[in-house]
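Please open the structure in your viewer and keep the selection tool at hand. The tour below moves from one selection to the next and says what can be found at each stop.

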Amino acid sequence: MVAPAGAQTERQGAARVAAASPAATAAHSVPHIVSKNGKFALMVDDAPYLILGGQANNSSNYPEFLPKVWPAIADMKANTLAMPVAWEQIEPVEGKFDFSFVDTLISQARARDVRLALLWFGTWKNTNPNYAPAWVKLDNQRFPRLTKKDGSTSNALSPHHKATLEADIKAYSALMRHLKKIDGERHTVILMQPENEAGVFGSLRDYSPTANALMSQPVPQALLTRLNKQPGNWSEVFGEDADEFFHAWSMASYIDQVAAAGKAIYPLPTYVNGSLRDPDPSKKAMTGLFYGSGGPSWNVIDIYKVAAPHIDLLAPDIYSSESVSYEATLKHYRRPDNALYVAESGTKSVFARYLFSILGQGGIGMDPFGLDYTGYSNYPLGAPYWGPEDVKPFARVYGLFAPMAREWARLSFESEVYGVAEPDDHSAQEIDLGPLWSAKVTYRQWQIGETYWLRKKDDLPKGSDVPSGGVAIARLGENEYLVTGQSARLTFGLAKGVKGRGMIFDRVEEGRFVKGKWVMSRIWNGDQTDYGLNFTDLPVVLKVRLASYTH
């Protein structure tokens, strides 16, 4: 009996991956997201995992270009690669599947000890169907596109048609079935993104007769309960927001069904990313113009949480480098019901520092976009050029956490973490460490002395005019902290309510983690502690024990 072509390809691919990688040494549970008291961890091999990631460019998902991807990931000191897998790539002919690229990718990732997040470019990629196979995106009759309010046709596929959903589910399920077969014990792939930046530009929603009929129906009770709203149809309940909210519900429901089908086969954790509206609620949103209507923007997170229970987290794509905007977006997505993960971020050097803030808010990681040496740059969203020199600002920050990624992820989930990134105006930041201790972070300072010592006000460290600093702190015990940073001064002190006592360092150790154990290399004292703990662009990790004395 001759097996179908797709089945033959799958078996051959599984054999190639098995032959190209060493056998698993122990059985671990499938990667998953856990939460406790508003904290989150991505569990990989049954332990918290920190994503120090990089996302390849959209068209780097072919074997011939992987040699231009891996060097960038290595140079960045990343432990995770986010890589597209296109529907047109695995099912160019309906019903016939080709997983050869997936097999090659997984084999090469294992050889480099790199984990993978796979981005399913299916019905939507940046809101459009360009990565769907030709038999889908060129057949409007079978797979209808969205209708704009003026009656014209959008490029985006409508979420309201069963044929499109069923075809997407079939392909995505085939991918998940193949991943389970070749990676179900090794877990090289740790995260899935079903669809990419879903939504629509140039319209608020689908205005086809099918969509209009659904719009006139009552809002689902589960959403009314979540938002504390009275019954009615979408227009009655949500007024001027009705079009966007209805489309968000429609998109989230569609994506959830894709994700649910995949999880029923192989339950890897899933996330949905989104282009962003302005994080300032007071500013008028240009819905459908500057961000895709119906995608997981911060104003519809609650809708996604109700409509898409099989999506583990919603992740922002942040390309605004301004510190006020970046930090405000992080706060929108860091919620007790949503793990903070920056799915995409710019590659200009100023973006690197935000890892301190992401991790300080308990984030599980980040993925700057365009991490390869294929010669493409998405300027002005990212850096104008991208090569080994441009990776260095990110490598410096990743390099601080890479040797202790597992330890940091565990502390983030089990203890308390804090972190700040240098504001654009270089202003000082206060950190509340609880009832006994506090901390202050300042920038543009030399390693000894105070700024008023300087004879010239502009006699500041070279390059410090461009914000790059940050500090991350994890609580190890009642008076003990793990600290790292870059281009910043960290000054510990007593909390404001503590009177009659002074702060003193009991011990400041510089060291590193080796196989999960702290190894001290030296003690800091004297000049190294008299004016705070000063971090430069050199990699330093400290274990700090604080004490106090009576005045």
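**Enclosed spaces**

In this predicted model, the structure holds two cavities of 30 Å³ or more. Rolling a probe the size of a water molecule over the atoms is what shows where such empty space is left.

For the first stop, select F40, A41, L42, Y49, L50, G362, G363, I364, W408, A409, S412 and F413, which together line the largest cavity. The space inside this cavity comes to about 60 Å³. Colouring the lining by class brings out nine nonpolar and three polar residues, with no charged residue in the lining of this largest cavity. If you then show the secondary structure, β2 (39-44) and α15 (405-414) can be picked out as elements that each supply at least two lining residues, and the largest share, four residues, comes from α15.

Next, select N57, T347, F369, G370, Y376, S377, N378, A383 and W386, the residues that line the second largest cavity. The volume of this second largest cavity is about 40 Å³, and its lining consists of four nonpolar and five polar residues, again without any charged residue.

**The sheet and the helix packed on it**

Return now to α15, keep this helix displayed, and add the strands of an open sheet, six in number, which run in the order β14-β17-β18-β23-β20-β21 with antiparallel pairing. At the edges you will find β14 (417-421) and β21 (517-523), each of which pairs on one side only. Looking along the sheet, you can follow how neighbouring strands are turned against each other by 30 degrees on average, if their direction is ignored. The helix α15 packs on this sheet, where it touches β14, β17 (470-477), β18 and β20 (501-514), and the direction of α15 makes about 70 degrees with that of β17.

Within the sheet, narrow the selection to β18 (residues 480-486) and β23 (residues 541-550), which pair in the antiparallel sense over five bridges. To look at a single bridge, select Y481 together with V544, its bridge partner in β23.

**A residue in a loop**

For the last stop, select E64, which sits in the loop between β4 (51-55) and α2 (70-76). Is E64 buried or exposed? Its relative accessibility is 68%, and E64 therefore counts as exposed. Adding L340 to the selection lets you draw a line between the two C-alpha atoms: E64 and L340 lie 276 residues apart along the chain, and their C-alpha atoms are separated by 34 Å.

Note on methods. Residues numbered from 1 in each chain as written. Predicted model: local features only at pLDDT ≥ 70, side-chain atom pairs only at ≥ 80, totals over all residues. Heavy atoms only, no water. 1 Å grid on protein atoms, 1.4 Å probe; cavity = no way out; pocket = protein on both sides within 12 Å on 5 of 7 lines; lining within 4 Å. Points joined across faces, edges and corners; volume = space filled by probe spheres on them. Nonpolar A, V, L, I, M, F, W, Y, C, P; charged D, E, K, R; others polar. Buried < 20%, exposed > 50% of the residue type's maximum accessible area, 1.4 Å probe, protein only. Pairing = 2+ DSSP bridges. Axes fitted to C-alpha atoms, helices over the stretch in contact; angles between N-to-C directions. Contact = heavy atoms within 4.5 Å.
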